[in-house]
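Trainee: Could you take one part of this structure and walk me through it slowly? I'd like to see how a single helix sits among its neighbours, and then how other helix pairs look beside it.

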Amino acid sequence: MPLRAISQDAKVRVLFVEDSAEDAELIQFQLEDAHLNADFLRVEDAAGLRQALQAFRPDIVLSDLSMPGFSGHEALAIVREHSHVIPFIFVSGTIGEDVAVAALREGASDYILKHSSARLPVAVERALREAKIEAERQRVEQELMRSQRLESLSLLAAGLSHDLRNILQPLLIVPDLIAQRSDDPRLHQLASVVAECGRRGHEMAESMLSFVRGSRRASEHFRLADLFHAVQLLLKGSMPRQVQLQVSLSDPELGVEGNYTEMQQCLLNLSLNAIQAMPDGGRLELSADAVDGQVRLRVADTGNGMDPQILAQLFTPFFTTKANGTGLGLVSCRRIVEGMGGRIEVASTPGQGTCFELWLPLPVEEEEAEVQRQAAAVGHGERLLLVFREGARLSLVGNALTSQGYRTELAADGAAALRAWAEAGAPDAVVVDSGISLFPAEALLSTMHESGYAGPAIVIEDPESPFDPALVPASLPLQRLPRPLDMHRLFEAVAAALAGRRAD
Ligand code: ADP
Ligand code: MG
């Protein structure tokens, strides 16, 4: 059989470990006769072999079993020390069944009798092909691990910069307060140093966050048929022969909305897990259909399965049962799927296999999507007047509401609030802390009401300065929230207040 697949490739380097030059030459003839495009080198002892592994860098080693002062087994051990992937074939004048089995167990790729010319080229070609597949498999796996690490790194950075922004908040506000409260020029100087540090820290956190956000790729519509096709191609190198791949799709036009590359990575993670769970072969099934207004993607295997203990920890970052696993594959899958508004379900039976199901929303029509987007952005630039005594809290609440799509005006006391109103016009709603000084909250709201403000008010009740609703006009729409302040309740209260106002 001619070695077409190999001979078209770049030259192969074949290393003989053989004391007889004639024998090596004979094998070389056989291989050249079968059109193997190769360079050959012969060594006959340990030192020669070590040197050749470094300098000649063989793609395959063909070794005699016994040589004077050196043996094929020693040669195999030296080669395996150097690399686990270089194919190693014993070629011997005599080889017993038991020796052959032992050789394979020690990590040889094959054994062949000298002068059985028909089998030699076939065995060499197969060993080279398998080594190439193995190398490709390792490459894909490593690439995947690398991207999983990057992914968790960016998650970490996002969380970190978000927390950092909040922690730095007081650094931006407190120096101003200190400066206001003192005439000491040195204190002013120190305050401005602190404020400058706070500003720089804030900027750094901000740019880190936008960098991480920027690395997120956009959402698009894609067909699952294309996705499956791509995943099949990518899996080719990693698919052991004993694993059968079965792909089925209920509708060739079936599609989803999301980031194509991320989804591809997700399916690849699940498929590789499945393949790794089937060391003795089995069936890997990829399928998709539409069920109950959702898209169901299934990745099922007939592998080892998992016991309840493993199942319980499946999505824990860094949880792995593999010697060189990352324990990040499923974490990243879940983030991707949940980012698309979907969920992952798992069913597994030890010894029988595992099935992962990804449930994804069917893509909505563009118009519907627009309505959903609008619903998601709560605020539409409505103006809120916030009155809080403590600068740090004022700024935190202000940021929180700005993030919800509102415009905010901040005032540290009742007088400042009235000034802001006079300058910027009536707000759409007022949020006031009952603990403000000089001008109590009741007085502020009454004054505003008397001067024509009819909008809603939300009072945050500080237990130290109880709020008396009897002191404000009953016609003023009023909501009261307790301290400590729960941001989500505040968001709800603001949304309700503005909705009531629109209804009027
Ligand atoms: P890794 O593959 O690096 O270990 P994963 O997050 O992809 O990390 O998987 C975590 C663990 O879940 C695996 O180590 C394995 O124990 C288990 N697992 C995942 N998929 C399967 C599967 N199809 N069959 C059996 N066990 C699985
Ligand atoms: Mg994995």
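Mentor: Let's start with the buried side of H15: Ala441, Glu442, Leu444, Leu445, Ser446 and Met448 are its buried residues. Keep in mind as you look that this is a predicted model. So what covers those residues of H15? The cover includes helix H14 along with four strands: E15 (383-387), E17 (429-433), E18 (457-461) and E19 (478-482). Now follow the chain on past the helix, and you come to glycine 452, which has a positive phi, near 110°.

H14 deserves a closer look. To describe two packed helices, you give the angle between their axes and the distance between those axes. Here, H14 spans residues 414-424 and H15 spans residues 441-450, and their axes come within 10 Å and cross at roughly 25°. Angles under 35 degrees count as roughly parallel, and therefore H14 and H15 are roughly parallel to each other. The crossing of H14 over H15 is right-handed. Which residues do the touching? On the H14 side you'll find Gly414, Ala417, Leu418 and Trp421, and they meet Leu444, Thr447 and Met448 of H15. Sort the residues of this H14 and H15 contact by class and you get 5 nonpolar, 2 polar and no charged ones. Notice that Leu444 and Met448 turn up in this contact and are also on the list of buried residues of H15.

Now set another pair beside that one. Helix H3 (residues 46-55) and helix H4 (residues 72-82) have axes that come within 10 Å, with a crossing of roughly 25°. By the reasoning we just used, H3 and H4 are therefore roughly parallel to each other. Their crossing is right-handed. From H3, the contact uses Ala46, Leu49, Arg50, Leu53 and Gln54, while H4 brings Ala75, Ile78, Val79, Glu81 and His82. Here the classes come out as 6 nonpolar, 2 polar and 2 charged.

Next, try a pair with another kind of angle. Helix H6 (residues 119-180) and helix H13 (residues 391-403) pack at about 130°, and their axes are 8 Å apart. What does that angle make them? They are therefore oblique to each other. H6 passes H13 in a right-handed crossing. In H6, look for Asn166, Gln169, Ile173 and Leu177; they meet Gly391, Ala392, Ser395, Leu396 and Asn399 in H13. This contact of H6 with H13 has 4 nonpolar, 5 polar and no charged residues.

Let's finish with some single residues. How many disulfides does a search of the whole structure find? The count is 0. Take cysteine 355, which is in no disulfide: the nearest cysteine sulfur belongs to cysteine 266, and it is 13 Å away. Cysteine 355 is buried, with a relative accessible area of 15%, whereas cysteine 197 is partly exposed at 40%.

And is glutamate 22 buried or exposed? You'll find glutamate 22 in helix H2 (residues 21-33), and at 61% relative accessibility it counts as exposed. From there, look across to arginine 80: the two residues are 58 apart along the chain, and 26 Å separates their C-alpha atoms.

Technical notes: Residues numbered from 1 in each chain as written. Chains lettered and ligands numbered in written order. Predicted model: local features only at pLDDT ≥ 70, side-chain atom pairs only at ≥ 80, totals over all residues. Heavy atoms only, no water. Axes fitted to C-alpha atoms, helices over the stretch in contact; angles between N-to-C directions. Helix = DSSP H or I, 4+ residues; strand = E, 2+ residues; numbered from the N terminus. Parallel < 35°, antiparallel > 145°, perpendicular 65-115°, else oblique. Left-handed = near helix turned anticlockwise from the far one by under 90°. Contact = heavy atoms within 4.5 Å. Nonpolar A, V, L, I, M, F, W, Y, C, P; charged D, E, K, R; others polar. Disulfide = S-S within 2.5 Å. Buried < 20%, exposed > 50% of the residue type's maximum accessible area, 1.4 Å probe, protein only.
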